[in-house]
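Work through these exercises with the model open beside you. Try each task before you read its solution.

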Amino acid sequence: MAVAKRMCKTSSKRSTSTVDKTASTASAANCADVAQRILVAEDSPVTQDLLKLVLEQRGHTVDLAADGEQALEALENASYDVVLLDFHLPKIDGLEVASRFRQSSTGQNNPRFVAITADIKGLLGHDANCENFDEVIPKPFELKDVLKVVEQKHDMSEANPSAPLQPEVAASPVRTAGLLEQKYEFLRWPEDFNANRLSARGMQASLADGTFDAIMLNEPASVRDLSVIWTTKTLHLLPIIDMTGSLLIQTDLDGSKIRIEETDEIDRLVQSFHERRAQLHRDLVYTDDIGEKLLGRMFVSGGLLQPRYDPASKEHMSYNTVLDFRSIEKEMKDLLAKGFVGQTFFDRFHMCDRCGSSHFNIREECTECNSANLHEEAYLHHFKCAYQGSESDFRQGDDLVCPKCRMELSHFSVDYDKPGSVMQCKSCNHATSEPDVGFVCMDCEARYDGNSVGQRDVHAHELLESGLNFVKAGRAILDGQNAALRFAELPLELIVSLNAELKNFEAKQKPFTLLNITYQNRREIEHSEGLRMFTQSRDLVLQNLRDTVRKEDRVVKGHNYDFVLLVGTPTGEARASIDDLRNEVTASLRVDLGVQIDVFGPKDFS
Amino acid sequence: MWSSLADGFNYLTSQSLAGLISLFWFTILFDIPRYGLSFVTAAFFGRSNLPPADNAYDVGKVSVIVAGHNEADAIERCVQSFLEQSRPPDEIVVVSDGSTDNMPEKLKELRRDGLIDQVHCTHLRAGKSAACNLGERWSTGDIVIIADCDCTYERHALKFILAPFRDPAIGAVCGNILVRNATKSLVATFQAIEYLISISLGKQSAAITDQVTCVSGAFGAFRRTALRGVSGNDVGGGEDLDLTLKLRKAGWRIAFAPDSICFTDVPDTLGALTRQRFRWERDAVRVRYRKHADLMNPFSSKFKLKELIHEVEFFVFHILGALMLPIYITWLCLTYGDLALMILLSVQMGLLLLDLLSFILAAWVTPKANALSLLPFMLGYSFFNSFVMRIVRLAAYLQEWFFNASAGDEYLPEKVRLVRWW
């Protein structure tokens, strides 16, 4: 009944009759808990109608404004709980409305300002929006998002209705995450994957879909939770933004402190990862081998595997990668042996041999019963009578009296001295000047002394030149020659042709030659002139080749290299004319691609 | 020369008894009695008075206390020596007395390996007495054995040193000391013979008449109640003699265990030997006649006839014997001129005979010593003992008397030396 009454009141303002009718048939079950008074400032009538319909159905009161002026007027005349403002309004834009209102308001009962806009970039670009808008909903909007925003419990504004949001107050991660998701494509945890499986989106990302920018942690996670990153393909090459601050050392950005206007940092992170990922050879992008993945990760994240002290970890340190310590240790050993990475000493930790933990309680203990309940006292030597015992033997109130000869000791270093200290065990009364240092493992309660406790050295690792070469050139480089061919790398059509030629050779001794075209200066050209220049020049080379060779020969474009199959040409003949060929095909180029042509004959495929 | 020797021989053989006495008064007064006592008692009793050694585990808990300064190299061997005993000790307490080498680390290692029971290391050197007192303060045995770091012990040493404790009147037992490095030099060999005769034989016979006055600091066993009763060791320089005298004064009897053998290295050069003996003699004089002067005073409450005997004995045979020697030689030369040499030689011949007999007796009562190998050195020893050692002793007494040499004794840290009143 109350709902209907309110309906009647608002219906006197600008609203269509059709809306009224629909509103009155609202079912009570659909109503929100608390009816809000809402002002919708929107210049599109369709949007106006939609919002009003939906919100009134839920039991809220809705007023409409078609431009900035009307909005301001409405704000002055009535009090609202929520204001849905389009950024781009005629006369005065949404931002102006909000800021003017705030300036002139008494501070009491300010409504929440929610921006609805298609121009997220524009909104994010404005410095002032943080002060004025509590929420941002992007267009095209989801109705459920609108409802969520309108109906969410807003403790902060209830507790402190007068104070406008201060710039210093951090935007809540959820809000920011929502915002960021408009700008970037995130793979979210736990929404898109858990420890065992990926969602459809996750699958998509693991195919090195270039649309994904980063992994976002929306709930606290452990390294183990994120293990699927290493068991699937390519996900380990994405930067990880931690919105919860739970894995700060291992992840690439602390998202919990990011504010709307600080997205530069995110930009830089995502961009640098993208760029470096592009340089990675596909061998390493799609590899299943953890060692190669780790190399790839090191490369895209800046070339360094850096340990940091981490009290939350069992090993007391963590690397800047979301992978467990044991795996990293194992793979690094291998990679060191191969010469791909170097190491710099970081620190030495005590380690429990039984469970690998570095959590120890370290203290002196009795050599007899291992109790830590030791009481330290000074040895005291009375020169005159040669009595040497503990200080408590001598103590009588304030005085020191020799228990042997009853003389009072008054002059230190003349009558007596204190040549050391003795540890008396309160548990078993054993006394010694040399107690053991006892280590007790906090995780498994194993006990060690200073000599028997294990040690673990931790190193920082950096990619060495051979490692860099490997990540850029792939496994081909492992053979030691740049010119090595791998059958599996050849394009399919070429393989088919090659097979045919090989059969011909075996049957009729018909010779053939395969030319492998590589572009030595590819990286430099891409860097200095741009990718486009390289691609164009390469295509030109291929075109020239097609024009030069005979009809029965084939020119095949590969992934990183290109091929020419010379049917019926003996290898020796081809080899002799290679230089001429090269000169001919590169003569018309503007840039020097560093074209290298390697010759392979039938024998190379046996 | 031969003619004068012949003359001398004739002269001697023509003397009457009274004449001989007046000629050889020195030897008669200062040498023969010294031999005589040991001779008689040992020959009479032999080894029959030794208690059976089957009570080794009945005496209660046995603690060994070893105190050393900079003994990192020697300590492990010493500890192993005790662990090898047929009756091992129940507790080994080792004290590092202000060591500056890595003795503390060595001790920690030994403790970690379970070879010793207590480790006490001090940063400042206190001297052997205070170090032993420290060890004793924390030891828990009923019988306390004080041992030197650089000594090693025959396998049954503990068993035999514990044997006399079956008699509740015994407060301390002195172990036997033999020389380990006898073959190092002639001086060392002579000392090997000397130890055999004066310690092994000498103390065995002294024990019969309860005249053992010094339980050697190298190896001695004490009943804890006795030790505590006399408040342990006093400031050093003869602390072993001092402790024994304190025990005797308190009424305890002191035994000697000839089969309980400790081996030690002796100084192998005359210079080192001289310094050692200087120190021993000085210490003995100070302890006997200054610290325990009351033993010579008939009006003191501590005065006992039994103690007087050994006090006088020491005075007569050691001090007077040394002082009189130059007087005797001078008198001999003045009175008899050329004949003096002959007379001295004949004296020495006589003494050689006595020494030889003593040696044989000593060898007989110390079956474990390798006495036979020392036999060829007896002649040299005899001369060495009679003349060289006496001169050393004389020099020691003079040095102490005129130059108060004890005050500069390096054996004791200065801070302690400064407060020692005797």
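Helices and strands here are DSSP runs, numbered from the N terminus; a helix needs at least four residues and a strand at least two. Keep in mind that this is a predicted model.

**Exercise 1. The nonpolar patch**

Find which helix gives the most residues to the nonpolar patch.

Solution.
- Step 1: List the members. Leu341(B), Leu345(B), Met349(B), Leu379(B) and Phe383(B) make a nonpolar surface patch of about 430 Å².
- Step 2: Find the elements. α14 (339-365) and α15 (378-403) of chain B each give two or more residues to this patch. Leu379(B), for example, sits in α15 of chain B.
- Step 3: Pick the top giver. α14(B) gives the most, with three residues.

**Exercise 2. The interface of two chains**

Describe the contact between chain B and chain A: how many residues does each chain bring?

Solution.
- Step 1: Count residues. Chain B brings 27 residues and chain A brings 28 residues.
- Step 2: Read the area. About 2,300 Å² is buried between the chains, and carbon and sulfur atoms give 53% of that area.
- Step 3: Look for charged pairs. Four salt bridges link chain B and chain A. In a salt bridge between Lys404(A) and Asp234(B), the closest N and O atoms are 3.6 Å apart. That pair counts because the cut-off for a salt bridge is within 4 Å.
- Step 4: Add the polar contacts. The interface has 13 residue pairs in polar contact, both residues at pLDDT 80 or more.
- Step 5: Locate the side of chain B that touches chain A. α6 (103-112), β3 (118-122), α7 (128-138) and α16 (414-417) of chain B each supply at least two of its residues. α7(B) gives the most, with seven residues.
- Step 6: Sort that side by class. Eleven residues are nonpolar, nine are polar and seven are charged.

**Exercise 3. A salt bridge within a helix**

Explain how Glu96(A) and Arg100(A) are placed along their helix.

Solution.
- Step 1: Check the pair. Their side chains meet in a salt bridge, at 3.1 Å from N to O.
- Step 2: Place the pair. Both lie in helix α5 (residues 94-104) of chain A, and because they are four residues apart, about one helical turn separates them.
- Step 3: Widen the view. Over all chains, the count comes to 48 salt bridges.

**Exercise 4. Unusual backbone angles**

Find a cis peptide bond and a positive phi in chain A.

Solution.
- Step 1: Recall the usual case. Most peptide bonds are trans, and most residues other than glycine have a negative phi.
- Step 2: Find the cis bond. It joins Trp189(A) and Pro190(A), with omega about 5°. Pro190(A) lies in the loop between β6 (186-189) and α11 (200-206) of chain A.
- Step 3: Find the positive phi. Ser413(A) is not a glycine, yet its phi is about 75°. Ser413(A) lies in the loop between β18 (399-400) and β19 (416-417) of chain A.

Methods:
Residues numbered from 1 in each chain as written. Chains lettered and ligands numbered in written order. Predicted model: local features only at pLDDT ≥ 70, side-chain atom pairs only at ≥ 80, totals over all residues. Heavy atoms only, no water. Contact = heavy atoms within 4.5 Å. Buried area = accessible area lost by both parts, 1.4 Å probe. Polar contact = N/O pair within 3.5 Å; in protein donor to acceptor, adjacent residues only side chain to side chain. Nonpolar A, V, L, I, M, F, W, Y, C, P; charged D, E, K, R; others polar. Patch = residues over 30% accessible without salt bridge, like charges linked within 9 Å, V, L, I, M, F, W, Y side chains within 5 Å. Areas by Shrake-Rupley, 256 points an atom, 1.4 Å probe, with all protein chains shown as cover.
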